[in-house]
Amino acid sequence: MERAEEMALLTNMLARTASGEGGVTLLDAGPGVGRTALLDEFLRRAAAAGARVCAATGSSAERDVDYGIVDQLFPPDGGLGAGPRLARALGRGAADTGSGPDPSALFEALCQEFRQGPVVIAVDDAQFADAASLRFLLHLVRRLRTAPVVIVLTEPTGPDSLSPSFQAELLRQPQCRRLGLLPLSRAGVARAIAPQVPAAEAAGLAADFHAISGGNPLLVQALVADRRDAHRLDPESASAQPATGVAFAKAALAWAYRDDPVLFDVACGFAVLGESATPSLVACLVDRGADAVARVMTALDTAGLLDGGTLRGTVVGRALLAHVDVETRAELHRRAAGLLHADGAPATVVARHLLAAPVVEPWACHTLLTAAEQAMRDDESEFSLDCLRLAGQNAATEHDHAAVVMARARIGWEIDPRLVGPWLDELVDALGQGSLRSADAAWIVRHLAWQDRFPQAAECLRALTEQAGRGAPGAAAELHVVRHWLRHTCPPLDPGAPDLGMPRTPQPRRMSPAAYASEVLGQVLTEGPGEHSIGMAEEILRGCRYGETAVEALEAALLALLYAGRPDRALHWCDALLTQAGDRSTGTSMAILSGVRAEIALRHGAPHNAQEHARSALSAISRSGWGVAIGSPLATLVQAATASGMSGAAGAWLNQDVPEGMFQTRHGLLYTHARGHYHLAVDRPAAALDDFLTCGDLAKQWGMDVPTFLPWRTSAAEAHLALGGLGQARTLVREQLARPGGSTPRARGVSLRLLAATSELGQRPALLRESVNLLENCSDSVELIRALADRCQVLHEVGAPAKARMTARHARNVADACGGHALFRKLFKDEIPEDSVASDDLDDADRGSASLTAAERRVTALAALGHSNREIGRKLFITKSTVEQHLTRAYRKLGVRNRTDLGDLLAGTNLAAGASALG
């Protein structure tokens, strides 16, 4: 087991005794590394080679017994009788020089006995040898340069080693050397356990055993024993992961408690402090000197039991602390909590010690509350609840009690807002008594509104306003933030709020950048999209991470991008946050982010993805927990199902119970708008128009009349068209085009489609051509299919069936990509599917389009974009004559006469998509 080199050095030293040379080796190693096993194997080999072996083992119980080691080395019936006599003569030498045997004569007699054959003198745990025996051994070492004697002494690394004076005298001799043992490598562990575990599991177990034990042979064998015992009880579980049981606990005690209380105490200090352990903290915790701690650290490190200055893993630490009595262990945790708190350690670290042994200190309650909130962000709900329970027991004042209830509410809201209800009344009372901070008051306002408890929310808002008026610390800033949130979430709750426009110049505030998210969203909803608000939203998201920033801020920044007409950037950041969330699938943060992701998918024209994310949002928390915010995911589900042709599913979602107060919120606007589209889909245009106009009235009243958020005018225009009101529809569309945000690609593309429906036939192709191009660029597949359907119909009406069929094929490709087959079938029901048409039935244009070669397609695409023949030749590295030949053949196949006809034919198709890459 990786001891071949050390064994070779010892056997070579024994071999040199044949030429009359002696040698001395001081073998040291950390606890449990195997110095005794190595010594025993060497002595066995030496005896087998014909050497006379004299062995002894030191013990702390016999340290005060003079000549105890000497008597073990030279028993009465073992020969070498001059040895004990020499040792005692040396002991009498200083006190009585005139009587007794002459030490020189005794040494010569001993040497005569040595020369009869090689001799090995070995003392294991020499640090426990008595002083008289050590004096005798030094006497031999000084005089054994020419005697065939090998002396091997072992000692542990650390505070329990041989005295510095003895080591210095020993190592000063030229024939003496020190030999240190290291823990096993992973390969060494694999070889050590190979005979005891199945071959198929050896490699994996070796890695696990090495990670737990650090390669310490004693602990490795204990792990093997525990695995064997576990296998007897449950053969299947034993192979899943390493078991640590009785054998491992006993082995940990064996190496840590070797007649040296300093080693055990310091090791326990490392076990209690865990990853927070530093030499100074451990010294303070166990009340030992820094030098003693340093020596123990050296011993633990050489034993493979330290990793980066702390005890390896938690398994060894738990095994050690299992042998400490309850009171001592509790006292260690109490002292650790105080030391770590004073040292500025994270609250979660201090809280674990407080849970193990509570401390009655003024700082303890606050530390536990802080730890509870952080634990919830880290998805450690059980630990968080434990902290809350202990904080509640330690709350000594009304402020402490209110703080505990506030923490419970915050953590409960993160799990499921439904849990917060019982605590909100208590918090309202605490706010009225002045027991809560301004930040807590702002939180209560938001979540009372979330729970559809508007009167109490208004009452708490007045209390916060009064605090700000009195100059309470932080009250003005919190009031500013919560009013921004109310303005874009629940405007009727704060109708008298002053103008909250976002300042154009930086102003100093005691808020994190994430606090500006509500302002950015408010600006987008009030003033429409702008580069400033888009940049601010991205800057906020760039500095945020899931679990570290309030989810309300993340939601506001994402929605600011989405409602500013940048669903692509909203998608990027939302997916990044969901990736950071990992495997989490429940909780309020996941519910809100999944809801936003669903809305992003809907505006990307991906209704099936939108439904999937919206259902995930609804399943992340209870339906009642959603409160008034349930309007947003339900609106997404209704509109996505409607767009997918599943009006039955949309109607089922609309039958879900919703809070009455939802209709006084932004979520209610989205819900009502989605319901209007459902009414259109089921041929109830009058009901649809009523919903759309209601949305418009509220949006204007609340200052949220932005088409990129709520395109109610184009929706109402569709309803008017269904009712035959061309004039009203045209007026609404022109109004939307003039609104802030009405010129963004998606909003303008939809408006132009509907404007075409209200225009003369001759004006429609150009309007629809621009609409298709805009919608293709903004990646809204659903609206693109609708525009292509209108264009296809118009092309039929103006007598261009070939162009109409090409447009229909483009629409089918878009439907295939986004899963919009139901919408395609509904809008293109008069078109014959391409795969059902025989080639003989195609007209010349259809056959020509299908037969364009790759080279002809490249040339045609560039020509349709307006490039001259010379420019096309330069881009494609062909001659002008070749370009002309390709175009001539393409014109003939497509049935067109010139570039103008070619541009009209290819408008609204993706044939020219590759041309942009060439340019």
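**Reading a cavity and three helix contacts**

Modeller: In this predicted model, the largest cavity has a lining of 23 residues, and those that lie nearest its centre are Trp-450, Glu-555, Ile-592, Arg-666 and His-667.

Biologist: Which elements give two or more residues to the lining of the largest cavity?

Modeller: Those elements are α23 (438–450), α25 (475–489), α28 (551–563), α30 (588–603), α33 (631–643) and α35 (666–681), and the largest share, 5 residues, comes from α28.

Biologist: What volume does the largest cavity have, and how many cavities of 30 Å³ or more are there?

Modeller: The volume of the largest cavity is about 240 Å³, and the count of cavities of 30 Å³ or more comes to 4.

Biologist: How does the lining of the largest cavity divide by class?

Modeller: By class, this lining holds 12 nonpolar residues, together with 6 polar and 5 charged ones.

Biologist: What describes two packed helices?

Modeller: Two packed helices are described by the angle between their axes and by the distance between those axes. Here, the axes of helix α21 (residues 398–415) and α30 come within 5 Å and cross at roughly 45°, which makes α21 oblique to α30.

Biologist: Which residues of α21 and α30 meet?

Modeller: From α21 come Trp-413, Glu-414 and Ile-415, and they meet Thr-588, Ser-589 and Ile-592 in α30; by class, the residues of this contact are 3 nonpolar, 2 polar and 1 charged. Ile-592 is also one of the residues that lie nearest the centre of the largest cavity.

Biologist: At what angle do α17 and α18 pack?

Modeller: Helix α17 (residues 326–342) packs with α18 at an angle of about 155°, their axes being 8 Å apart, and that angle makes α17 roughly antiparallel to α18. The crossing of these helices is left-handed. In the contact, His-333, Ala-336, Ala-337, Leu-340 and His-341 of α17 meet Val-349, Val-350, His-353, Leu-354 and Ala-356 of α18, and the residues divide into 7 nonpolar and 3 polar, with no charged ones.

Biologist: How should the crossing of α18 and α19 be read, as left-handed or right-handed?

Modeller: The crossing of α18 and α19 is left-handed, and the axes of helix α18 (residues 347–356) and helix α19 (residues 362–377) come within 8 Å and cross at roughly 115°. On the α18 side the contact is made by Ala-347, Thr-348, Val-350, Ala-351 and Leu-354, while α19 brings residues including Trp-363, Ala-364, Thr-367 and Leu-368. The residues of this contact divide into 9 nonpolar and 4 polar, with no charged ones. Val-350 and Leu-354 of α18 take part in this contact with α19, and they also meet residues of α17.

Technical notes: Residues are numbered from 1 along each chain as its sequence is written. This is a predicted model: local features need pLDDT of at least 70, side-chain atom pairs count only at pLDDT 80 or more; totals for chains, interfaces and linings use all residues. Side-chain values use heavy atoms; hydrogens and water are left out. On a 1 Å grid over the protein atoms alone, a cavity is a set of points where a 1.4 Å probe fits but cannot get out, and a pocket is an open set with protein on both sides within 12 Å along at least five of seven lines; lining residues have an atom within 4 Å of a point. Grid points are joined across faces, edges and corners, and a volume is the space filled by probe spheres set on the points. Helices (H or I, at least four residues) and strands (E, at least two) are DSSP runs, numbered from the N terminus. Ala, Val, Leu, Ile, Met, Phe, Trp, Tyr, Cys and Pro count as nonpolar, Asp, Glu, Lys and Arg as charged, and the others, Gly among them, as polar. Axes are lines fitted to C-alpha atoms, for helices over the stretch in contact, and angles run from 0 to 180 degrees between N-to-C directions. Angles under 35 degrees count as roughly parallel, over 145 as roughly antiparallel, 65 to 115 as roughly perpendicular and the rest as oblique. Contact means heavy atoms within 4.5 Å. A crossing is left-handed if the near helix is turned anticlockwise from the far one by less than a right angle, and right-handed if clockwise.
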